[in-house]
Amino acid sequence: MLTLFYSPGACSLAPHVVLEWIGQPYEAKRVKTGSEELKAVNPAGAVPVLRDETGWVLTQAGAILHYLARRFPEAGLDAPADPKAQAELDRWSSFMTGDLHPAFFPLFMPNRYTTATDEAALAAVREAGMGLVRKRLALMDAHLADRPYLLGEARTIVDAYAFPMLRWAIGKLPEKLEPFPQVQALHDRIAADAAVRKVLAAEGLG
């Protein structure tokens, strides 16, 4: 049985959703970021971590999502076996890893981006981070103008990858997702899925 190590609401929510979409037995173990329990499977102390039946361990959300899509092709969560379609999936996976996810770092950890310790300086860092998040969401919104999911008519792993970050945006941006109606629609479409609601309840996210 596959085992996912996760922290509620973190980017590990994406593989948690995908595991539920796949419909095969798995175990989800809640861990605290940086804990000794987590470091025992990932010395970096970060989630997500996936461990397979043989004890092989895989880290990094994007890598885990790609592995799950390839291991369980019958779930239909990968792009079609066409070079351009595969490249599109890789592009959006890279966008989540390299653009959207890092844009939130100044909001969660502003002290990383300034040597100042006063609240005004930290607030300025957070404001800059919100600007980055808005730019990334605007790109997604334009792309989604004529498609329900990031790769077209069917959901894939990149939609699950986006989901936790869209939840962060709702929690961190004063305007939530209101300026980005297509992104809001993607969030709502995923959030309404029965399997996703099951995962949210399991993580205590309501």
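Which residues are linked with Arg134 in a network of salt bridges? They are Glu127 and Glu175. The legends below cover this network and other close-ups of a predicted model.

**View 1. Glu127, Arg134 and Glu175 form a salt-bridge network.** Three side chains take part, with Arg134 joined to Glu127 and Glu175 in one network. The structure as a whole holds nine salt bridges. Three more pairs follow in the next views.

**View 2. Arg71 pairs with Glu53 in a salt bridge.** The closest N and O atoms are 2.6 Å apart. Arg71 sits in helix α3, which spans residues 61-71. Glu53 sits in the loop between β3 (49-51) and β4 (57-59). The two residues are 18 apart in sequence, so the pair ties together separate parts of the chain. Arg71 is partly exposed, at 33% relative accessible area. Glu53 is also partly exposed, at 45%.

**View 3. Glu88 and Arg91 form a salt bridge within helix α4.** Their closest N and O atoms lie 2.9 Å apart. Helix α4 covers residues 83-103. The partners are three residues apart, so about one helical turn separates them. Glu88 has a relative accessible area of 31% and is partly exposed. Arg91, at 43%, is partly exposed too.

**View 4. Asp193 and Arg155 form a salt bridge between two loops.** The closest N and O atoms are 3.1 Å apart. This pair links distant parts of the chain, with the two positions 38 residues apart in numbering. Asp193 belongs to the loop between α8 (181-191) and α9 (194-202). Arg155 belongs to the loop between α6 (119-143) and α7 (157-172). Arg155 is partly exposed, with 27% relative accessibility.

**View 5. Helices α6 and α7 pack against each other at about 130 degrees.** Their axes are 12 Å apart. An angle over 115 degrees but not over 145 counts as oblique, and the two helices are therefore oblique to each other. Their crossing is left-handed. From α6, the contact uses Met130, Leu137 and Met140. From α7, it uses Ala162, Leu166, Ala169 and Lys172. Six of these contact residues are nonpolar, one is charged and none is polar. The charged one is Lys172, because Lys counts as charged.

**View 6. A cis peptide bond joins Val47 to Pro48.** Omega is near 0 degrees at this bond. Most peptide bonds are trans. Pro48 is found in the loop between α2 (36-39) and β3.

**View 7. Gln60 has a positive phi.** The value is near 80 degrees, in a residue other than glycine. Most residues other than glycine have a negative phi. Gln60 is placed in the loop between β4 and α3. Its relative accessible area is 57%, so Gln60 counts as exposed.

**View 8. Lys176 also has a positive phi.** Here phi is near 55 degrees, and this residue too is not a glycine. Lys176 lies in the loop between α7 and α8. Buried or exposed, or in between: what is Lys176? Lys176 is partly exposed, with a relative accessible area of 41%.

Technical notes:
Residues numbered from 1 in each chain as written. Predicted model: local features only at pLDDT ≥ 70, side-chain atom pairs only at ≥ 80, totals over all residues. Heavy atoms only, no water. Salt bridge = Lys/Arg side-chain N within 4 Å of Asp/Glu carboxyl O. Helix = DSSP H or I, 4+ residues; strand = E, 2+ residues; numbered from the N terminus. Buried < 20%, exposed > 50% of the residue type's maximum accessible area, 1.4 Å probe, protein only. Axes fitted to C-alpha atoms, helices over the stretch in contact; angles between N-to-C directions. Parallel < 35°, antiparallel > 145°, perpendicular 65-115°, else oblique. Left-handed = near helix turned anticlockwise from the far one by under 90°. Contact = heavy atoms within 4.5 Å.
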